[in-house]
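Visitor: Please show me a model, and let me ask how its labels are earned.

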Amino acid sequence: MINESRRKFLKTSALIGAGITGLSTKSVKAEPKYVLDENRMGVLIDTTVCIGCRKCEWACKTAHDLPTQPIESYDDRTVFEKMRRPDAKALTVVNEYPPKETDQFPINVKVQCMHCDKPACVSACIVGAFSKEENGSVIWDTDKCIGCRYCMVACPFQIPAFEFEKAWHPDIRKCDFCFDRTKEGKLPACVEICPMEVLTYGTRKSLIERAHQKISLYPDRYIKHIYGEFEVGGTSWLYLASKDFHELQFPKLGTNTAPGVSEAIQHGIFAYFVPPVALYALLGGVMWINKKKAESNKNKEVHHE
Amino acid sequence: MSENMKPVPLPRRYFTPTVIVIAVIAAVGLLFVLARLIFGIGAVTNLSNEFPWGIWIGIDVAAGVALAAGGFTTAALGHIMHKEEYHLITRPALLTAMLGYTFVAVSVGIDLGRYYYIWHPLIMWNGNSALFEVGMCVMIYLTVLYIEFLPIVTERFIGRVNLPGFFKRFNVSLDKLLRALDRGLDKTMFIFIIAGVVLSCLHQSSLGTLMIIAGPKMHPLWQTPILPLLFLLSAMSVGFPMVIFESYLTSKSFGLKPETNIMANLGSMVAPLLGIYLSFKLGDMVIRQTFVYLTEFNTASVMFVIEIVIGVVVPLRLFLSPQIQKSPMGLSIAAFLVIFGVFLNRMNNFIVAYNPPYVFQSYFPSIGEISVTAGFIALEILLFRAFVMIFPIVSVPQHSGTKAKFSIRSV
């Protein structure tokens, strides 16, 4: 309730602001959306099937017009020697974790934005450039971004990347869940290309059901944990694995949403602007009383003289 | 009171050997700012996707805002509590706050990837964002500070408007305009003074909210839901020490007699404020049981102990000592320790405590970042000196009957 009326207030204020400056309503439309759609989409990643072919990396770069080597070069497995993270030039990367015993296979983990249900970046962004969309994706409006990098500070998965090398118009980049492709009914590029069907695209609800089914059908294959089901209040991208996620360098996170505490404090301090106005009134009263007192003291002194 | 204290401009030779050194530091800083504008943030700083914020945010912005707290604390004391004896220090404190916040804004501009979009938050709102709140408050407060400074400008120029050449014809009308402005400001100033205090309380605390969203990325010694309260309390306790320290430096630099009485009175208010801050800080540590991290020996625990012991406990003890209260030198040393403590606290919160899950190379500021930070502090000092020489900021004794504009006594 409180959130809703507050959002309404902000929306009207933003509309007025936009009206005054003669801006189109386009900038207002990207207000953070906190109404989660029942049928929002997600992707289930089964790390036990991934062979580390990195075709998804190539497909992602191609779909997002990022410079890429020819697809054959992705067969080079020496890149797995070092852990890699997504950056402004690669929105998804695959890492390999070697087996502890010789008879086991290495585990490959694809990394990209988790598309949280309650994203820290959406809450943090100073200009509201990030938004959680109905289809589950967390996208951002590059026209609004001022490059403050607070989203990077806020993200619990350390995902948004910044074009530090650019002097003019640097961008924040991260996986956008192929927003433009899914709009046209296409699959996300990585899901489409994956030869092992590691990635399953579907509604988040159905994916969680399916993941639970898999775990109960093959209890030896999977640990009993779907990463992303409850982490930071749930994410659209979900993972299955054969060993503890912490060993695969997933951050250990609680079930509380990432922006929860910060938003509670913010809205506490600014509940309908009552606390600031009350403080203003209080200080005004104190100032008036003290002034009167000083004046009457002065008058007394004059009388004594 | 045998002497009548009055703020006057202090004309001096601007350049002394120290000032020249400071000017060189400022110039080097400006060169690196230019480099940042031409080659980008990546070329000048050690920032990366792991460490998106460095000392330009941790020191220039966070510590800068905290150390400009002298403005709102003296305004609250002098104007809201209406203690007239403190009116002499409100002007230097106001100037410090005005320059401090100006450079906070400039530093944010340099750190923003797209500095030319700095106005975006004005029309693109996100009420959930602590940064949005800080940004808006700082922008409004900066405006309020400029308005609060205007009477000093009108006081300086009313009856002295003397434009050269062609502009001579505007002299009379400009003077009239200044007088009208002065009258209007005189009647409405209380609105801005209260607004300044409210805005300061808001954004000083919201600056603490800023890092809460980083959650487990921040070391538990600092990450706490009461960060906004701790930030507000520490800002309140650093306000008077800033005024004491600065007043001491100004009196040294301009060869004036230090305001021993006022400094001692201000000093006596620091200990209770520091005490409240310390009790919340330690209470928080006990409740969350984070003292276990102090048994580890690493950068975080060492920095935390330095921050608390040298930055809070030692100056608290010093401010309680009667000998210290009597000596301007002792007060300035104690004040400096408080300033150091708050400075370190902000740096710790934003840089030392920030420990992301995936680190390839830990962050240490580059020469460029350090030069820009030092350069901005140097520029602030240079501007402070210039303002004190041009405008009636610093109060000096006025002997009744003397025709001289001001008199100076050596120490």
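Guide: What follows is about confidence and cavities.

Guide: This is a predicted model, in which local features need pLDDT of at least 70, side-chain atom pairs count only at pLDDT 80 or more, and totals for chains, interfaces and linings use all residues. Residues are numbered from 1 along each chain as its sequence is written, chains are lettered from A and ligands numbered from 1 in the order written, and side-chain values use heavy atoms, without hydrogens and water.

Visitor: How do you know what confidence chain A has?

Guide: pLDDT is the predictor's confidence in each residue, from 0 to 100. For chain A its mean is 86, and 87% of the residues reach 70 or more. Over residues 12–33 of chain A, however, the pLDDT is below 50. Where pLDDT is low, the predicted coordinates should not be read in detail.

Visitor: What makes a space a cavity?

Guide: On a 1 Å grid over the protein atoms alone, a cavity is a set of points where a 1.4 Å probe fits but cannot get out. By this rule there are 13 cavities of 30 Å³ or more. The largest holds about 150 Å³, the volume being the space filled by probe spheres set on the points, which are joined across faces, edges and corners.

Visitor: Why are residues such as Arg85(A) and Tyr358(B) called lining residues of the largest cavity?

Guide: Lining residues have an atom within 4 Å of a point, so Arg85(A) and Tyr358(B) count among the 17 that line the largest cavity. Both are also among those nearest its centre.

Key. Contact = heavy atoms within 4.5 Å. 1 Å grid on protein atoms, 1.4 Å probe; cavity = no way out; pocket = protein on both sides within 12 Å on 5 of 7 lines; lining within 4 Å.
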